[in-house]
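This report introduces a protein structure to a reader who has not met it before. Please view the sequence and the model together while reading.

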Amino acid sequence: MEQKLQLLNSSIQVDPTNPQIPQMLKHLKLEIFNELAVNRSSIENLALHFCELEVTYLLISRQIENFELAIERLMKFYNQGLESKDKAHYTGIYLIYLLSFNKFAQYYSQIELLPKETFSSPFVHFVLQLEYKLSIGSYSDLLGDYHPTGIENVFLDRIMDTIRLQTALSANASYKSLSLEHAIKLFNVKNIQELQQFAQKQNFQWKFDNHHVYFDNVQKSENPLNSEFLIQNSLRYVHEFDKII
């Protein structure tokens with residue numbers, strides 16, 4: 001089984017689009033967890049490694065609909081005391097996932113279960129700071145010095161897109177225009193090109209010149225992103241406008 005796990009790991013790293021990977025995952029999961037039921041002590045570390053690989057694959061392939069069961073199965077192993085060199089990173093991913101889907105009760109419950117040494121992990125520390133900034137409405141420097149490059153991006157992108165969209169809705173309803181300097185800071189983008197791409201993606205009819213962005217003042221009624229998150233945080237966006245402008 002260990003060789004099969006190594007082969008699975010290599011396949012995911014080399015080409016996560018390999019059509020054979022889902023079948024490899026399915027067969028190996030069945031084999032490992034059947035053995036786990038009768039001989040837990042000798043197989044649980046392999047089961048832990050399998051769960052980490054499954055979570056990685058599901059995020060790389062963006063199969064979020066299957067991710068929840070996989071990450072919760074992995075966290076059960078961690079919470080039972082099993083160790084892994086990547087434990088802190090996967091724990092951080094789980095926490096970001098909970099934040100991005102408004103699962104706040106589960107988030108705080110998981111925080112209570114974490115051993116003290118986990119809080120010293122730079123990645124877990126980043127997630128805790130992220131939650132704090134979200135809770136106080138400090139969106140202009142949400143990521144701080146952290147530069148996401150890994151599989152956690154799918155959930156960070158979800159959070160950032162939600163914040164940008166609600167900021168845009170507030171801007172459309174409240175302002176005729178903003179200076180480009182303020183707009184770039186407010187929407188947490190790097191430059192005017194990113195701001196234009198966002199407006200185009202959301203079908204906003206904004207106009208740009210060399211110094212300002214002009215809003216179309218049409219309230220969008222349909223929001224495909226995380227509506228509960230938006231409702232819970234709407235007053236924070238107004239506060240953020242007041243701080244920046």
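## Helix packing, a pocket and two loop residues

The crossing of H1 and H3 is left-handed. The model discussed here is a predicted one. Helix H1 covers residues 2-14 and helix H3 covers residues 40-60, and the two pack with their axes 11 Å apart at an angle of about 20°. Angles under 35 degrees count as roughly parallel, and H1 and H3 are therefore roughly parallel to each other.

On the H1 side, the contact with H3 involves Glu-2, Leu-5, Leu-8, Asn-9 and Ile-12. Facing them from H3 are Leu-46, His-49, Phe-50, Leu-53, Thr-56, Tyr-57 and Ile-60. By class, the contact of H1 with H3 comprises eight nonpolar, three polar and one charged residue.

The second helix pair joins H2 to H3. The axes of these two helices come within 9 Å and cross at roughly 155°. Because angles over 145 degrees count as roughly antiparallel, this value makes H2 roughly antiparallel to H3. The crossing of H2 and H3 is left-handed. From H2, the contact draws on Ile-21, Pro-22, Leu-25, Leu-28, Lys-29, Ile-32, Phe-33, Glu-35, Leu-36 and Val-38. Their partners in H3 are Arg-40, Ile-43, Glu-44, Leu-46, Ala-47, Phe-50, Cys-51, Glu-54 and Tyr-57. The residues of the contact of H2 with H3 comprise 14 nonpolar, no polar and five charged.

Leu-46, Phe-50 and Tyr-57 of H3 are named in the contact with H1, and these three residues are also named in the contact with H2.

A further link runs between H2 and the H1 region. Met-24 lies in helix H2, which spans residues 21-38. Apart from its neighbours within four places in sequence, Met-24 touches Leu-7, Leu-8 and Ser-11. Met-24 and Leu-8 are 16 residues apart along the chain, and their C-alpha atoms are separated by 7.0 Å.

Later in the chain, helix H6 (residues 104-113) packs against helix H7 (residues 122-136) at an angle of about 140°, with axes 13 Å apart. That angle makes H6 oblique to H7. H6 passes H7 in a left-handed crossing. Tyr-107, Tyr-108 and Ile-111 of H6 make the contact with Val-127, Leu-128 and Glu-131 of H7. The residues involved in this contact of H6 with H7 are five nonpolar, no polar and one charged.

The table sets out the geometry of the three pairs described above.

| Helix pair | Angle | Axis separation |
|---|---|---|
| H1 and H3 | about 20° | 11 Å |
| H2 and H3 | roughly 155° | within 9 Å |
| H6 and H7 | about 140° | 13 Å |

H3 also contributes to a pocket. The second largest pocket holds about 250 Å³ of space. Its lining has 13 residues, and those closest to the centre are His-49, Glu-52, Ser-84, Lys-85 and Asp-86. Which helix gives the largest share of the lining of the second largest pocket? H3 does, with six residues. H1 and H3 each supply at least two residues of that lining. By class, the lining of the second largest pocket contains three nonpolar, six polar and four charged residues. His-49, one of the residues closest to the centre of the pocket, also belongs to the contact of H3 with H1.

Two loop residues deserve a separate mention. Arg-62, although not a glycine, has a positive phi of about 55°. Arg-62 is placed in the loop between H3 and helix H4 (64-79). Asn-102 likewise is not a glycine, and its phi is positive at about 65°. The loop that holds Asn-102 runs between helix H5 (87-100) and H6.

Definitions and conventions. Residues are numbered from 1 along each chain as its sequence is written. This is a predicted model: local features need pLDDT of at least 70, side-chain atom pairs count only at pLDDT 80 or more; totals for chains, interfaces and linings use all residues. Side-chain values use heavy atoms; hydrogens and water are left out. Axes are lines fitted to C-alpha atoms, for helices over the stretch in contact, and angles run from 0 to 180 degrees between N-to-C directions. Helices (H or I, at least four residues) and strands (E, at least two) are DSSP runs, numbered from the N terminus. Angles under 35 degrees count as roughly parallel, over 145 as roughly antiparallel, 65 to 115 as roughly perpendicular and the rest as oblique. A crossing is left-handed if the near helix is turned anticlockwise from the far one by less than a right angle, and right-handed if clockwise. Contact means heavy atoms within 4.5 Å. Ala, Val, Leu, Ile, Met, Phe, Trp, Tyr, Cys and Pro count as nonpolar, Asp, Glu, Lys and Arg as charged, and the others, Gly among them, as polar. On a 1 Å grid over the protein atoms alone, a cavity is a set of points where a 1.4 Å probe fits but cannot get out, and a pocket is an open set with protein on both sides within 12 Å along at least five of seven lines; lining residues have an atom within 4 Å of a point. Grid points are joined across faces, edges and corners, and a volume is the space filled by probe spheres set on the points.
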